[in-house]
Amino acid sequence: TIMTVDNLFTPADREAIAAAVAEAEKKTSGEIVVSVVPACDEYAHAHWKGATLGSLLAVLGAAALHDFGGYWGGPLGLWMALPAAGGVALGYVLARVPAVRRFLATPEVMARRVHTRAAQAFLDGEVFRTRERTGILLFVALFEHRVVVLGDTGIRAKVAQEEWEGIVAGVVKGMREGQPAAAVIEGIRLSGELLERHGVLRRPDDVNELPDGLRAARP
């Protein structure tokens, strides 16, 4: 079963995340937005890869059993056809298991899907709608076990994309350890410190331009 925002983050977790964003923004003009999506794609190709592999393995196994197992009954074609059909069904079903589907989808394909979906979430959430273009998106893809940070032009002018890697790695680690809320909150805190350290400072007339609460991006 694919993880969802509701079964991973309790109402108390969401309140704590919003509070962490508000706290991080006290010393920076950066506007931090946290967006979480269950999955960035259905990865239909993974199901067909599973079905194909299941069929191939079943046929090879049946042929080996027929040739080397000493079975005389039934023609070889029948021995191969029936296992092939069963292998297709079994492979397709196994590909629905998240860990198997991630393996069949391949890391490269998932990375592309996650970055594309993060960019869409940036636009959908209107993270660009800040006075000084200081919006920043912390995007979490649950199925893919990946995290992406996207900063608007005002952020990118002061903070290199590479400098977010440590924060991203920390959030991913916390998610894998089963502490999603704590991981996200720590990522928010470190993001605020990074922005402050690079001079993305809060103005005297600063206002909260984007909502602080966790956003559940559409699948």
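User: What makes β1 and strand β2 count as paired?

Analyst: Happy to explain! In this predicted model, β1 and β2, residues 135–141, are joined in the parallel sense over 7 bridges. Two strands pair if DSSP finds at least two bridges between them, so the 7 bridges of β1 and β2 meet that cut-off.

User: Which residues stand opposite each other there?

Analyst: Ile 32 faces Ile 136 in β2, and Glu 31 stands opposite Gly 135.

User: Why is β1 also called a partner of strand β4?

Analyst: β4 covers residues 215–216, and its parallel pairing with β1 rests on 2 bridges. The cut-off is at least two, so 2 bridges are enough. Here Val 36 stands opposite Ala 216 in β4.

User: Why is β1 described as largely enclosed?

Analyst: Buried means under 20% relative accessible area, and 7 of the 7 residues of β1 (residues 31–37) are buried, so the rest of the structure largely encloses this strand. Both faces are covered: Glu 31, Val 33, Ser 35 and Val 37 lie on one side, with Ile 32, Val 34 and Val 36 on the other.

User: What makes β2 largely enclosed?

Analyst: For β2, 7 of the 7 residues are buried, so this strand is largely enclosed too. Gly 135, Leu 137, Phe 139 and Ala 141 point one way, while Ile 136, Leu 138 and Val 140 point the other way.

User: How do you know that β2 pairs with strand β3?

Analyst: 6 bridges join β2 to β3 (residues 146–151), and the two run antiparallel. With a cut-off of at least two, these 6 bridges therefore make a pair. The bridge partner of Leu 138 in β3 is Val 149. In the hairpin of β2 and β3, 4 residues lie between the strands, and His 145 takes a positive phi near 60°.

Conventions: Residues are numbered from 1 along each chain as its sequence is written. This is a predicted model: local features need pLDDT of at least 70, side-chain atom pairs count only at pLDDT 80 or more; totals for chains, interfaces and linings use all residues. Side-chain values use heavy atoms; hydrogens and water are left out. Buried means under 20% relative accessible area, exposed over 50%, partly exposed in between (1.4 Å probe, protein chains only).
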